[in-house]
Amino acid sequence: MEFSSRARQKHLRLAGDRREQYPHSLQFYLEPPTESISLVEFENFAVDRLKLLKVVENLGVSYVRGTDVYKSKLEGELRKLKFPYRALAEDDYEARRKDHISHFILRLAYCQSEDLRRWFLQQEMDLFRYRFNELTDSLMQKFLEHTNLSFEAIGEDLKNELANELSVSTPGFSLPKVKEQMFYKVGLAVAVDLFRARRVFIKDGFAYVPFKEIDVIVLNNYRTKLSKALALTARSLPSIQSDERLQPLLNHLSHSYVGPDYSVQKNTGKISLDQIDALSVKSFPPCMRQLHRALRESHHLRHGGRMQYGLFLKGIGLTLEQALEFWKKEFIRGKVDADKFDKGYAYSIRHNYGKEGKRTDYTPYSCMKIIMSNPPSQGDYHGCPFRHSDPELLKQKLQSYKIPPSGITQVLELVKGMHYQLACQKYFELTHDVDDIGFSLNHPNQYFTESQKLLTGGRELKKEFNNSGNFQQKNNSQESINSTPTASSAKADTELEGLEAYFTED
């Protein structure tokens, strides 16, 4: 067989040590990467895996895991982002390498708090479950052997002897099916979840597990290992935070947004101030609807609210002149006179539009930024209602918005599971009378845009987005993370070395 120059190089590379490095398309991520990678590759890998895990989260709530539509959509995303999506024999080294390195990068970013660790663990578990169940029986057996999880398969004589018990104790297994299926004899402690669910036959301290149920044991093993690894990595946080190579990148990853930044708008100036009250009811997400109502009632918002709401209004098309007029009219109805507004508040509005200070053109806040940073205190109205509101107060608010009881129950269940963006997505569906909005909701301005498309048939307020895929940073520097993160980094192709030190015990 002949290879092109590029293909031949790849084939030779796979024939050496690198094939041994990733013998399977699936792994437990026990060994951290030891190679040096560029800042650009580090950042691109991290963003792609974050996009993938966001899709995993969204699909896990929107569809039943394991169904054809769930698997089809997840496979499509794995293909698009160039991650291993099936056991592609031995020719997917680059995908396996990306999978390995990107996992450890996000492990660094998501070990920093209990909430972040819990989210990362859940999405990685769901991703692993899908990929493990896609393996063929032979590849599954090879993986079990590779991870030292090879279990003792019972012989045909013992299986025939226990056939009746196995059939009765294992849901969905008739006698003929028992004879077709391979069973493993494992310690009861290993199969405790299957035992609790009454899905296996127990005898003399051992569980007899059918091959199709082995994934439960593998997943429990993986969860235990990953939980311990995240806790271990968290102990390295002081070293990570003092590392000038990593700190500018990792600081923003766990609060990052990977979609359009809504900074370039076609509809600038097309919305009149008189429309805002009506739009706030029809097309504002709850976080902005809450801010608008608070502003109208108290004629004032604190700094956090002014930043969150002001940049949102900028994103939907308010010009600088409109913004100055809007805020001034409202504030002078309260305790702020015109002179005090001009001296104290007008500057910050011009600053948000890039007309003061460093002339930075600020972009609207994403859902992740609102959820993860600057939680509201007493007297504040910014933040995410699904994340920061007491459940009973949230329920009352949804009732005031005329959400039906069944819909409120669905929203509160998502909130209870800490799926705050999906709760907002469900709110969108309920208020717009659609069953499936067909997109993942990640930004308040995205909510507004999609709402207007539905309500106007897509005829108006059609915007152009910056689809670069850069993610919005937690702070307000508004510099793209694709630029050089720090002056000390020198060049974007600077290589990061020694990352494995953060994943090992002292």
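In which helix does cysteine 424 lie? To find out, open the structure, which is a predicted model, and select residues 420-432: this is helix H25, and cysteine 424 lies within it.

**First stop: cysteine 424.** Display the side chain of cysteine 424. With a relative accessibility of 9%, the residue counts as buried, because the limit for that class is under 20%. Next, show its contacts beyond four places in sequence: Pro285, Pro286, Phe386, Leu441 and Tyr447.

**Second stop: the cysteine group.** Now add Cys287, Cys367 and Cys384 to the selection. Together with Cys424, they are listed by UniProt, in an unreviewed entry, under "binding site". Although the four span 138 residues in sequence, no two of their C-alpha atoms are more than 9.8 Å apart, so they gather at one spot. Cys287, Cys367, Cys384 and Cys424 are also included in the lining of the second largest cavity.

**Third stop: cysteine 287.** Select residues 286-298, which form helix H16, and locate cysteine 287 there. Cysteine 287 is buried, with a relative accessible area of 8%. Apart from residues up to four places away in sequence, cysteine 287 touches Gln308, Gly383, Pro385 and Pro444.

**Fourth stop: the sheet.** Turn to the open sheet of four strands, whose order is S2-S3-S5-S4 and whose pairing is antiparallel. Strands S2 (152-153) and S4 (201-203) stand at the edges; each has a single partner strand, so one side of each lacks a neighbour in the sheet. Select S5, residues 206-210, alongside S4: the two run antiparallel and are joined by three bridges. To inspect one pair, pick phenylalanine 201 and its bridge partner in S5, tyrosine 208.

How values were computed: Residues are numbered from 1 along each chain as its sequence is written. This is a predicted model: local features need pLDDT of at least 70, side-chain atom pairs count only at pLDDT 80 or more; totals for chains, interfaces and linings use all residues. Side-chain values use heavy atoms; hydrogens and water are left out. Two strands pair if DSSP finds at least two bridges between them. UniProt positions are given in the numbering used here, feature names are shortened, and annotations may be inferred rather than shown by experiment. On a 1 Å grid over the protein atoms alone, a cavity is a set of points where a 1.4 Å probe fits but cannot get out, and a pocket is an open set with protein on both sides within 12 Å along at least five of seven lines; lining residues have an atom within 4 Å of a point. Buried means under 20% relative accessible area, exposed over 50%, partly exposed in between (1.4 Å probe, protein chains only). Contact means heavy atoms within 4.5 Å.
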